[in-house]
Every structure is written in C-alpha cells, then in structure tokens.
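Reader: I keep meeting words like "salt bridge" and "open sheet". Could you show me how they get pinned on a real example?

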Amino acid sequence: MGARILGIASAVPSTVVTNHDLERLVDTSDEWITTRTGIKERRHLKKGEDCSDMVAQAASQAIERAGLTPADIDVMIVGTATPDTVFPSTACWAQPKVGLGTIPVLDISAACSGFLYGYQLADSLIASGRARHVLVVGAEALSRVMNWHDRTTCVLFGDGAGAAVIGPGDHEKDGLLASSWGADGRLASLLWQPAGGTRHPATEATVAEQMHTVHMAGNEVFKHAVRAMKQAVGEVLEQAGLTNGEIDLFVPHQANVRIIKATADRARVPMEKTYLVIHKYGNVSAASIPMALADAYEEGRLERGDLVLSASFGAGFTWAATLYRW
Ligand code: UT7
C-alpha cells in the first residue's frame with residue numbers, strides 16, 4: 001500500500017517582488033524574465049522572519065487539513081537548501097513552533113528534489129511500520145543567499161514553504177504508485193553555494209567574493225534538468241504500467257517554464273493538465289512542488305483518486321519523479 005498525501009498546505013511571506021522591482025536593481029527586464037523563465041513575481045521574507053517560521057505555518061495547516069493533531073505526527077522531514085542555521089536543523093527550530101513534542105525531526109539536503117526525496121523516505125518509513133504519519137516539508141529562504149549584483153540568478157529564486165502530511169493509503173492502488181530518484185555528485189559545482197560550510201568558513205574574502213550566494217551555470221543546468229526529468233518521468237510511467245493519458249495533473253518542480261514544457265512533452269501530458277505556479281513564486285527549490293500542490297488543492301484542481309505526476313531536478317545534481325493517487 002503506497003503512502004498518500006492526507007493534508008497539504010503552504011506558507012508564503014507577504015512581500016511580493018515583481019520583475020519591475022528587480023529592473024531597478026540589475027540590468028534586466030520584465031520581458032526577458034517572463035519569456036526566458038515564465039516568472040512574473042516572487043516572495044521575499046522580511047528581516048526577522050525565518051525559514052522555520054514558514055515550515056511551522058505550512059505544517060500546522062497541513063496537519064489540520066489532514067484532520068489530525070500534532071500528536072499524531074511521528075516524524076518530520078524538512079527538505080531545504082537554505083536552513084535557518086547549518087546546525088541544528090531547520091526541522092529542530094520548527095519542531096516546537098508546530099508543537100511536535102520530542103518526535104524525531106531532520107533536514108534533508110537534496111535541493112529542489114527535497115520534497116520528492118522526502119515523500120519517498122516517508123513512504124518507506126510507513127511501509128516498514130516505523131511511522132504512521134510523516135510530515136514532509138519543502139521550505140526555502142533563497143532571498144537570503146542571492147547575489148543582488150548577479151542578474152543571471154537573483155531574478156530566478158523566491159521564498160516559501162509547502163507541507164504535506166503523509167500517511168497510509170486505503171488500498172493497494174492508493175497513494176504512491178511508482179517512484180524514481182537519483183543523484184550525480186560529479187556535477188555539484190554547476191549549482192552551489194561555495195562558502196558557509198566547513199570548506200570555506202566565513203572570512204572577509206568569502207563575503208567580498210560573494211561566495212555565500214548561489215552560483216549557477218544556468219545553461220548547463222538547463223540541459224541536465226531536461227534530460228534527468230524526462231528520464232525519471234519515463235521510469236515511473238513504465239514502473240506503474242500506466243499510460244500518460246491517465247494522468248490527471250502534472251505538478252513538476254518549477255524552475256523554468258521551458259524546462260516544464262519539455263518534460264510535459266516527454267510525458268505527453270498537455271499543458272492544460274500541467275499545474276504552474278512559477279509565475280507567482282519563481283523558483284522556490286524544495287518548496288515548489290508542495291506549494292503548487294497546496295494551490296491546486298485550494299483551487300479544487302485535485303480530487304480524491306486523481307492520478308498525479310511530479311518530477312524534480314536540482315543542485316547536487318539530484319532528481320526524482322513520483323506517480324501517486326491523490
Ligand atoms: O532549480 C533547479 C535548478 N535550476 C534550473 O533548472 C535553472 C536552469 N537554467 C535556466 O532556467 C536558464 O538557463 C536561465 C533562466 C538561468 C537562463 O536562461 P537562458 O535562456 O539559458 O539564458 P542564457 O544564460 O543563455 O543567457 C542569454 C543572455 C545572455 O546574454 P548574451 O551573452 O547573449 O549577451 C545573458 O547575459 O541573457 C542574458 N541574461 C539576462 N538578460 C536580462 C541572463 N540573465 C539575464 C537577466 N536579464 N536576468
């Protein structure tokens with residue numbers, strides 16, 4: 001029996017930053033950002049707001065929507081590349097804010113694949129009997145690691161969180177039906193934050209050289225993203241023995257609308273069945289899939305029993321795909 005999403009919710013900061021706002025910061029244009037990426041605006045945290053605050057807000061609402069209480073949650077997994085602190089984990093900072101007692105909580109560092117990695121781990125914990133309800137959260141405070149002089153990255157990313165309560169499905173063909181995940185660490189330096197870990201502790205030089213911000217070889221990442229997501233999607237469709245015509249909604253990672261279109265083409269899912277939030281949130285890394293699911297749920301685009309396909313690609317590189325009944 002596959003694990004099912006019992007409750008979904010998101011949390012976004014209230015500050016909206018439009019493409020026109022960014023035109024005042026770097027040499028860019030609304031036209032370039034819109035046509036090359038599909039992004040129109042993104043959210044930014046205010047000073048004093050933390051990634052763990054968004055985790056707590058999204059998680060609390062997801063628990064309520066699942067018809068559960070914090071006492072019903074056995075484990076919390078937070079996928080994030082922008083933790084509150086290097087240690088302890090963002091999950092530890094968020095745990096008391098959600099009222100989760102002393103259950104085990106942990107972060108996973110799989111960048112944009114954090115949510116789908118978390119879903120697959122939750123499925124295994126539930127299948128093995130180690131847990132009944134697992135909170136899986138994707139949350140990012142990417143505005144905190146932007147180089148505001150680099151137009152090739154600072155226009156792309158945003159802040160937000162999405163949380164899902166995962167629990168046992170009701171029957172054999174419920175919940176997670178097929179999944180695929182992978183990583184290739186040989187490509188790590190194509191998308192990374194060079195300093196802030198133990199390799200390059202903070203110094204005046206690391207700050208001056210912008211080493212605490214996102215560095216990305218956009219074109220290279222684009223090519224690998226399309227290839228890996230296409231392959232992962234093909235694998236889950238084959239595993240499940242289902243045809244693309246049966247997919248009700250495709251909810252992919254939202255990094256670039258052109259990557260999404262190429263992946264949807266491979267899965268032969270029409271764009272009408274592809275759910276997009278990139279225009280309003282930008283690339284929110286691990287948070288993008290659960291935030292999109294939460295919006296789709298709130299808009300009534302997800303009915304119990306719908307077949308949903310998700311796929312992701314991110315720093316590492318990591319990638320994943322899942323096919324699941326809502
Ligand atoms: O979250 C998962 C990981 N991330 C991704 O999957 C992102 C993957 N990469 C991408 O989405 C795209 O490569 C980008 C959106 C980052 C860039 O789009 P592109 O079509 O690959 O553009 P490019 O890097 O080839 O740049 C084309 C031109 C360049 O100018 P020249 O050299 O042709 O004169 C850039 O300098 O666009 C210029 N450019 C910009 N112009 C205006 C780059 N950024 C901007 C900008 N505004 N913000």
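**Putting words to the test**

Author: Let's start with a pair: the side chains of Asp174 and Arg4 meet in a salt bridge, at 3.7 Å from N to O. Before we go on, this is a predicted model, where local features need pLDDT of at least 70, side-chain atom pairs count only at pLDDT 80 or more, and totals for chains, interfaces and linings use all residues. Residues are numbered from 1 along each chain as its sequence is written, and side-chain values use heavy atoms, with hydrogens and water left out.

Reader: What makes Asp174 and Arg4 a salt bridge?

Author: The term asks for a side-chain nitrogen of Lys or Arg within 4 Å of a carboxyl oxygen of Asp or Glu. Asp174 and Arg4 sit at 3.7 Å, N to O, so the pair passes the 4 Å rule. Asp174 is in the loop between β7 and β8 and Arg4 in strand β1, 170 residues apart, so this pair links distant parts of the chain. By this rule the count comes to 11 salt bridges.

Reader: Where do labels such as β1 come from?

Author: They're DSSP runs, numbered from the N terminus: helices are H or I with at least four residues, strands are E with at least two.

Reader: How do you know that β6 and β7 pair?

Author: Two strands pair if DSSP finds at least two bridges between them. Strand β6 (residues 134-141) and strand β7 (residues 159-168) have 8 bridges, in the antiparallel sense, so they qualify. One example is Glu140, whose bridge partner in β7 is Gly160.

Reader: Which sheet are they in, and why are some strands called edges?

Author: The order is β1-β7-β6-β4-β5, an open sheet of 5 strands with mixed pairing. β1 (3-11) and β5 (105-108) each have a single partner strand, so one side of each is left without a neighbour in the sheet. The twist averages 20 degrees from one strand to the next (axes are lines fitted to C-alpha atoms, for helices over the stretch in contact, and angles run from 0 to 180 degrees between N-to-C directions).

Reader: What does helix α3 touch?

Author: Helix α3 (residues 51-65) packs on this sheet, touching β1, β4 (75-79), β6 and β7. Contact means heavy atoms within 4.5 Å. The direction of α3 makes about 130 degrees with that of β1.

Reader: What is the strand order in the sheet of 4 strands?

Author: That open sheet runs β8-β13-β12-β11, with mixed pairing. β8 (176-183) and β11 (249-250) stand at the edges, because each has a single partner strand. β8 and strand β13 (residues 318-325) run antiparallel, joined by 7 bridges.

Reader: And the ligand: what makes the Arg36 contact a polar one?

Author: A polar contact is a pair of N or O atoms within 3.5 Å; within protein, one must be able to donate a hydrogen and the other to accept it, and residues adjacent in sequence count only if both atoms are side-chain atoms. A polar side-chain atom of Arg36 lies 2.8 Å from an oxygen atom of the ligand, so it fits the 3.5 Å limit. Asn256 fits too, at 2.7 Å, as does His253 at 3.0 Å.

Reader: Why is the bond between Phe87 and Pro88 called cis?

Author: Its omega is about 0 degrees. Most peptide bonds are trans. Pro88 lies in the loop between β4 and α4 (90-98). Another cis bond goes from Gly316 to Phe317, with omega near -15 degrees.
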